[in-house]
Amino acid sequence: MSLDLAEAVLAPDEPTDHRPSRKRGAVPVRLISFATLAVLLAAWQVSASLALVPSLFLPAPAAVFGQFVAVARDGFVDATLAQHLAASLGRVFAALTAAIVVGVPIGFAIGASPVGRGIFDPLIEILRPIPPLAYLPLVIIWFGIGEPSKILIIAIAMLAPIVIATASGVRAVATDRLNAARALGATRRQLVRHVVLPSALPSVLTGVRIALGTGWSTLVAAELVAASRGLGFMIQSAAQFLVTDVVVMGILVIAAVAFALEALIRLVERWLVPWAGKA
Amino acid sequence: MAHLAIESVSLRYDDGPQVLGGVSLDLRDGEFLVVVGRSGCGKTSLLNLAAGFVPPTTGRVAVNGVAITGPGADRAVVFQDDALFPWLSTAENVALGPRLSGIGKAERRRIAENQLAIVGLEGLADRPIWRLSGGQRQRVGLARALAARPTFLLMDEPLGALDAMTREAMQELLVEVWAKSGAGVLLITHGVEEALFLATRIVVMAPNPGRIVKTLNVDFSRRRLAGESARSIKSSRDFVAMREALLDAIFEREAA
Ligand SMILES: Nc1ncnc2c1ncn2[C@@H]1O[C@H](COP(=O)(O)OP(=O)(O)OP(=O)(O)O)[C@@H](O)[C@H]1O
Ligand SMILES: [Mg+2]
């Protein structure tokens, strides 16, 4: 008690900015995760060395890595790994841009006005549970087999998460903050610009993160549509020629890219909304 | 002379019970009006009416004889849980009012630094507000309200979340700021001593429906401004006597 008081007198203003350091006896989660992956890799290597499974079904790690190097250098089905990757990323980001441009205003309408909610809520609820493979044929019939169709398929899958997250962000704007701005003389436009948009931003970014995950996993389906490049297309082709090591390599690359995208969006979050969850 | 008038106002949220019944209250600039009363008796509702956040069910709220239709920059509000904007820096929070009215960047910066100095936060202009302590945030909320140069300053338990020592320092700050700004202040509190120390007039409210049951004129804040120390005021005989009278007023109705 007396100690607290002394501290209060000596430093009445400054909140100490010490982040909690790793507590003694805390579970080292990262270490455990790392060990899990290491064990998995070791088991894979062992089964390959002992030839427990024919390499047509499960190629050795070394073979997969070899293909990684080979495809990166020489390419597979007329394109290098980097070109396949660029094609896939290009589609996913084009789709993301489209989904944001369409989805954020729709989410805004749902969150901010009963009329908007009445119009768009049912549409999104109908669209949301349909798997991409189900609407794929229709998209081809309507838009052909060109690049726009592939982007559209990914964008449709990304739309619902962005709309829903935006709407919930808009709905969750603190009444006190709205009132505070109104009492400072804010007009309706200024309220949107200075309070509603920034309030909803963390939620929109969460939606973008979920959408990127969804979009990336829709990729293989989208690249079934007469693509000539892309990671999904590469895996498809490899599967037809029974080149299992390229299939496995492609799967691992897709997983690694998904992981990197997740890390990227977390960086963007830390940069754009460092205050999220703190105030 | 500016004049905020709450004229025989009653209030009902949707089809709930009557929250306020026939309340009339005047606030003039230069006045420090403090509202006390038990939890749930309608103090915040009264402030929300004065701010224009909710319309009265019957009666009217008027500024200089003209009925208000909503919030306005002439009536600044300090909220109990500060309601600051975490996406803005401390200085940007303080200068939001000037920004909304189209004042330029350099001038806003000057206003913000000036107000921050007044509330004792010089040097914190560029801190993100989520790196401030509770007491600092409360002061930023006050600085933000003052930067709008309001005619009336409405505060809902602005010192509620503070520890005893910070609270006393803030009380002195409020008296100073009030005297300097010349604004008409309406402040809600649960603290009886706080009410006496700050107010020029105290109104006591009672619930079901919320109404004013007693009005007291006091002048301890003027004694503070004349130079008497806070300790000496709070331990003076008339302060203690007033405190008992005020406590009686608050609890009388409860016993009845
Ligand atoms: N938005 C609202 N909708 C419906 N009822 C409300 C609303 N706000 C307040 N009330 C009711 O009105 C009454 C008065 O509430 P108010 O917040 O004005 O009390 P208060 O005196 O400020 O209390 P406290 O001291 O606890 O802050 C309470 O019974 C409360 O339940
Ligand atoms: Mg209240």
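This passage walks through a predicted model, starting with the place where two chains meet and then turning to a ligand and two backbone details.

Where chain A and chain B come together, 31 residues on the chain B side are in contact with 27 residues on the chain A side. Putting the two chains together buries about 2500 Å², and 64% of that area comes from carbon and sulfur atoms. Three residues stand out on chain B: B:Trp87, B:Leu100 and B:Trp130 provide 29% of the area that this chain buries against chain A, which is more than any other three residues manage. As for charged pairs, zero salt bridges turn up across the interface of chain B and chain A. Polar contacts do appear, with a count of three residue pairs between the two chains. Looking at which pieces of chain B are involved, strand E6 (75–78), helix H3 (96–100) and helix H5 (134–147) each put at least two residues into the side that touches chain A. Sorted by class, the residues on that side of chain B come out as 17 nonpolar, six polar and eight charged.

Next comes ligand 1. The residues around this ligand are B:Tyr13, B:Val19, B:Ser39, B:Gly40, B:Cys41, B:Gly42, B:Lys43, B:Thr44, B:Ser45, B:Glu157 and B:His190. Split by class, that shell holds three nonpolar, six polar and two charged residues. Helix H1 of chain B (residues 43–51) gives the largest share of the shell, namely three residues. Several of the shell residues can be placed at the atom level. In B:Ser39, a polar side-chain atom sits 2.5 Å from an oxygen atom of ligand 1. With B:Lys43 the side chain is again the part involved, and one of its N or O atoms is 2.7 Å from a ligand oxygen. For B:Gly40 it is a polar backbone atom that lies 2.8 Å from an oxygen atom of the ligand. On its own, ligand 1 would expose 640 Å², and the protein buries 55% of that.

Finally, two spots in the backbone of chain B deserve a look. One is the peptide bond running from B:Asn208 to B:Pro209, which is cis, with an omega near -15°. B:Pro209 belongs to the loop that links strand E9 (201–206) and strand E10 (211–217). The other spot is B:Asn64, which has a positive phi of about 50° even though this residue is not a glycine. B:Asn64 is also found in a loop, this one between strand E4 (58–63) and strand E5 (66–67) of chain B.

Conventions: Residues are numbered from 1 along each chain as its sequence is written. Chains are lettered from A and ligands numbered from 1 in the order in which they are written. This is a predicted model: local features need pLDDT of at least 70, side-chain atom pairs count only at pLDDT 80 or more; totals for chains, interfaces and linings use all residues. Side-chain values use heavy atoms; hydrogens and water are left out. Contact means heavy atoms within 4.5 Å. Buried area is the accessible area (1.4 Å probe) that two parts lose on being put together, summed over both. A salt bridge is a side-chain nitrogen of Lys or Arg within 4 Å of a carboxyl oxygen of Asp or Glu. A polar contact is a pair of N or O atoms within 3.5 Å; within protein, one must be able to donate a hydrogen and the other to accept it, and residues adjacent in sequence count only if both atoms are side-chain atoms. Helices (H or I, at least four residues) and strands (E, at least two) are DSSP runs, numbered from the N terminus. Ala, Val, Leu, Ile, Met, Phe, Trp, Tyr, Cys and Pro count as nonpolar, Asp, Glu, Lys and Arg as charged, and the others, Gly among them, as polar. A residue is near a molecule or strand if one of its heavy atoms lies within 4 Å of it. Accessible areas come from the Shrake-Rupley method with a 1.4 Å probe; for residues, only the protein chains shown count as cover.
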